[in-house]
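Here's a quick briefing to read alongside the model. Have the sequence and the 3D view open, and click through the residues as they come up.

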Amino acid sequence: MRPLALNESCAPVAVDPRELYYPSGIEITPGARYRFAASGTWQDSWITCGPEGWPSWLLSPWNRLPWQRVFLLCGCGGKDLTRAFPIGSGCEWSAPPEAAQWPDRQLYLFANDWPNKYDNNHPVGPEAGGPLCVVITRIPELKK
């Protein structure tokens, strides 16, 4: 695990949707800003989708990030869902300054699903548009 330098991108991270917290290998720098770009597919039971997940307002209240799409790509600072945020196919996110106090500053990635339903999640091979990969870039912080 290592921090990214300013304007540095990581190699694409193929996220395993079977993992509650998939390690990115990136150490979050407190106060740093990151850009996420995701593409590819993964599978929830029989449903193949991309990083934006699939809509189901009947099921979404029980997702790890409630009321967000099922199988939406999400990120998390450490293994703490209070620090989780939606990514989808792309977003920008600023690490809070209090990240300096976190015992685990690794950036984790996950498919937004019910906590007890990860056993029916599957990575997808290139023949079906997979795997789902994320490139993370550290970008300049916003001006205050």
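**A small sheet to start with**

Gln43 has Thr48 of β5 as its bridge partner. That pair belongs to an antiparallel match between β4 (residues 42-44) and β5, held by 3 bridges. Keep in mind that you're looking at a predicted model. From here, we go through the sheet, a well-covered strand, the cores, the salt bridges and two single residues.

**The open sheet**

- The sheet is an open one of 3 strands, ordered β5-β4-β10, and the pairing is antiparallel.
- Which strands stand at the edges? They are β5 (47-49) and β10 (121-123); each has a single partner strand, so one side of each has no neighbour in the sheet.
- On average, neighbouring strands here are turned by 25° against each other, if you ignore direction.

**Strand β6 and its partners**

- Take a look at β6 (residues 73-77): 5 of its 5 residues are buried, so it counts as mostly covered.
- In a regular strand, side chains alternate between the two faces of the sheet.
- In β6, Leu73, Gly75 and Gly77 are on one side, Cys74 and Cys76 are on the other, and all of them are buried, which leaves both faces covered.
- β6 pairs with β9 through 5 bridges, in the antiparallel sense. Within β9, Leu109 is the residue opposite Gly75.
- β6 also pairs with β7 (residues 84-86), again antiparallel, by 3 bridges. Here Cys76 has Ala84 of β7 as its bridge partner.
- The hairpin made by β6 and β7 has 6 residues between the strands, and Gly78 takes a positive phi near 70° there.

**The nonpolar cores**

- The largest nonpolar core has 29 residues, and the ones touching the most other members are Tyr34, Phe36, Leu73, Val134 and Ile136.
- Four strands supply at least two residues each to this core: β3 (33-39), β8 (90-94), β9 (106-111) and β11 (133-139).
- Another core, of 9 residues, lies apart from that one; Tyr21, Cys74, Ala84 and Phe110 are among its members.
- What does Leu73 touch, once you skip residues up to four places away in sequence? The list includes Val15, Ala38, Trp42, Pro51, Leu109, Phe110 and Val134.

**Salt bridges**

- How many salt bridges turn up in the whole structure? A search finds 6.
- One of them joins the side chains of Glu27 and Arg105, at 2.7 Å from N to O. This pair links distant parts of the chain, with Glu27 in β2 (residues 22-27) and Arg105 in the loop between β8 and β9, 78 residues apart.
- Glu27 is partly exposed, at 22% relative accessible area. Arg105 is partly exposed as well, with 22% relative accessibility.
- Another salt bridge brings together the side chains of Arg33 and Glu92, at 3.1 Å from N to O. Arg33 sits in β3 and Glu92 in β8, so this pair ties together parts 59 residues apart in sequence.
- Is Arg33 buried or exposed? Its relative accessibility is 12%, so Arg33 counts as buried. Glu92, with 37% relative accessible area, is partly exposed.
- Arg33, Arg35 and Glu92 are joined into one network by salt bridges that share partners.
- Arg83 and Asp80 also form a salt bridge through their side chains, at 3.6 Å from N to O. Asp80 is partly exposed, with a relative accessible area of 24%.

**Two residues to click on**

- Thr137 is in strand β11. Its relative accessibility is 15%, and the cut-off for buried is under 20%, so Thr137 counts as buried.
- The side chains of Thr137 and Ser9 share a polar contact of 2.5 Å. Setting aside neighbours within four places in sequence, Thr137 is also in contact with residues including Leu4, Asn7, Arg33 and Tyr34.
- Gly25 is part of strand β2. With 31% relative accessibility, Gly25 counts as partly exposed.
- Gly25 and Leu107 are 82 residues apart along the chain, while their C-alpha atoms are separated by 7.1 Å.
- Leaving out neighbours within four places in sequence, Gly25 is in contact with Met1, Arg2, Gln106 and Leu107.

Key. Residues numbered from 1 in each chain as written. Predicted model: local features only at pLDDT ≥ 70, side-chain atom pairs only at ≥ 80, totals over all residues. Heavy atoms only, no water. Core = buried A, V, L, I, M, F, W, Y, C linked by side-chain atoms within 4.5 Å. Buried < 20%, exposed > 50% of the residue type's maximum accessible area, 1.4 Å probe, protein only. Contact = heavy atoms within 4.5 Å. Pairing = 2+ DSSP bridges. Axes fitted to C-alpha atoms, helices over the stretch in contact; angles between N-to-C directions. Polar contact = N/O pair within 3.5 Å; in protein donor to acceptor, adjacent residues only side chain to side chain. Salt bridge = Lys/Arg side-chain N within 4 Å of Asp/Glu carboxyl O.
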